[in-house]
Amino acid sequence: MPRVTYTQAWGTGKRLCSALLTLIPSESFTTEKWAAPNKDKEEFDKFLMGKSMNVGKNVNGFYKYSPADKKRNPSVGFVTISTLYFDSSNGISEGHSGTDKWLDMWRGADGSNKYIYSDDSRARGNKCIAGYCYLKKPIWVMLSSSGTEKNHCCNSCRDGRDGRDGQNGKDGRDGRDGINRNGMKVKILKRNKVFSAIFPNPRLVLRIAKDLFVFQGQKGERGSTENNAGGVIKFSDTAEKCTSSIAGTVSYSTSQKSLQLCDGSHWLPVLAVRKGYTADRPGRHCLDILNSGQSHGSGLYWIDPNGGSTADSFQAFCDMETERGGWTLVATKVSPGFPFIKTVFSPAAAATKNTDAASHIHPSMGNWKEVMFRFADVDTIRLIYNRKAGAPNKDKEEFDKFLMGKSMQLIKRVNGFYKYSPAENKRNPSVGFATISSFHFYSNAGISEAHIGTDKWLDMWHGAEGSNNYIYSDNSRARGTKCIAGYCYLNKPIWVMVR
């Protein structure tokens, strides 16, 4: 997702200060002020600083930035948005008759559509960055004190790294202002508690368990002139009990293979890498990562359902939001005739969201509780199957085996279904579960209630049907093949997920 950035710079003589305003659709956009001084830019800057405005101006200083490619557009220089409207009561937007490729955050939607992508017509013109519009994604407006150019200090500012305006400072590594050669004395701030410790750098930020510890430098005593080799400090294991007398001490736990910090009563793990972020530190599945408190929202995570060696870990898409979250992607159906539950497990299918990918529930996830069928977009209704509802029951057991990869061609009466609406945060039925009579599950054909049934639960068969009892379908080929809870969409991917 590209970001758009606007940069403002000001100063006199050889000193220059810059501010970078970035607008992010939970992902990103950039603007800069290198054409200053300019009256139109000054008006926009005052608007951003809180002055009431209702004007349209030609404002220079914009560029797009793509975090995925680490590239900006244009590669050099900046772009002018002609007739950039900024209105305190309506928002910020290029003219709706403009390119629709820069910034459109107006109060009202735009009837025209020159955008690269929009997931909902209501997003056009009011939630668009660099031509991409998303109805439910938050947009962040962010400010930085430095732009992409080299930052310089203004007036009498001090940055703590170079002493007074460029003179070489002392950070403890050369012994001049440190405690001997072992680093700087620091204060550790955790909520209302303050501890002491010794670290090699004047400022470190670590996330320890769920608490954010900020280490701030404090001038040390004069020490020797030796250098700390390579700037590396080694921590050892300890059997000492964590007490208030050693609060702030850091040690290395050989059993847990992680740093630990004493908070005065407990040794807390220092999490250098969160669970699921790398192949060598996977979670067992998405629910495991969510329950550990280390989720960063829906997205790709590394999982290893069978545990043990991480050599066979793989990436999986996790839905961390629907019905309390913790859902792991199993398979994806895009083509109407695609049979998506197969007898062979595919790790690649767990990360494949937008193309056909067949698989089954991982054999090491035998204690799964629910399976969800959902379209890939945000607001459409989901269908959830609960494994325990109505169990033990032979018909349910057969369907469970099918989802686990056993070859089947059966028609059964299966209980345990309910619909869930993310938009309303409601389930149907409100209590209990529904039974689908004549529920078909064939390894070579798909899953579906009988085509002479209600058409209001699940219809993911390999062939379309002529009748139409559905609530909505955008194409006749989708009827019977790509329908959830009575809604059929030909081109929207369907995800089969488990937790």
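Pro-429 sits in the loop between β26 (426–428) and β27. The peptide bond leading into Pro-429 from Asn-428 is cis, with omega near 0 degrees. The model is predicted. Its secondary structure comes to 3 helices and 33 strands.

**Cis peptide bonds and positive phi**

- A cis bond also joins Asn-73 to Pro-74, again with omega near 0 degrees.
- Pro-74 belongs to the loop between β5 (71–73) and β6 (79–87).
- Strand β6 holds Thr-83. Thr-83 is not a glycine, yet its phi is positive, at about 50 degrees.
- Thr-83 has 31% relative accessibility, so it counts as partly exposed.
- Ala-130 also has a positive phi without being glycine; the value is near 55 degrees.
- Ala-130 lies in the loop between β10 (128–129) and β11 (132–133).
- Ala-130 counts as buried because its relative accessibility is 2%, under the 20% cut-off.

**Nonpolar cores**

- The largest nonpolar core has 34 residues. Phe-373, Phe-399, Leu-403, Phe-417, Phe-439 and Ile-447 have the most contacts inside it.
- At least two residues of this core come from each of β22 (327–333), β23 (370–375), β24 (382–386), α3 (394–403), β25 (409–421), β27 (434–442), β29 (458–460) and β33 (494–498).
- Strand β27 gives the most to this core, with 4 residues.
- Phe-439 touches Phe-399, Leu-410, Ile-411, Lys-412, Val-414, Phe-417, Ile-447, Ser-448, Glu-449 and Leu-458, with residues up to four places away in sequence left out.
- Another core, of 16 residues, lies apart from the largest one. Val-4, Phe-62, Ile-81 and Ile-92 are among its members.

**A buried acid**

- Asp-100 is in the loop between β7 (91–94) and β8 (103–105).
- Asp-100 is buried but has no salt bridge. Lys-114 offers the nearest side chain of opposite charge, 5.5 Å away.
- The backbone of Lys-114 also faces this acid: its nitrogen lies 3.4 Å from a polar atom of the Asp-100 side chain.
- Beyond its neighbours within four places in sequence, Asp-100 contacts Glu-94, Gly-95, Asp-110, Ser-112, Lys-114, Tyr-115 and Gly-131.

**Whole protein**

- Of the 499 residues, 43% are buried.
- Among contacts between residues at least 6 apart in sequence, 49% join residues at least 24 apart.
- The accessible surface comes to about 25,300 Å². Carbon and sulfur atoms account for 49% of that surface.

Note on methods
Residues numbered from 1 in each chain as written. Predicted model: local features only at pLDDT ≥ 70, side-chain atom pairs only at ≥ 80, totals over all residues. Heavy atoms only, no water. Core = buried A, V, L, I, M, F, W, Y, C linked by side-chain atoms within 4.5 Å. Buried < 20%, exposed > 50% of the residue type's maximum accessible area, 1.4 Å probe, protein only. Contact = heavy atoms within 4.5 Å. Lys, Arg positive; Asp, Glu negative; His and termini not counted. Salt bridge = Lys/Arg side-chain N within 4 Å of Asp/Glu carboxyl O. Polar contact = N/O pair within 3.5 Å; in protein donor to acceptor, adjacent residues only side chain to side chain. Areas by Shrake-Rupley, 256 points an atom, 1.4 Å probe, with all protein chains shown as cover.
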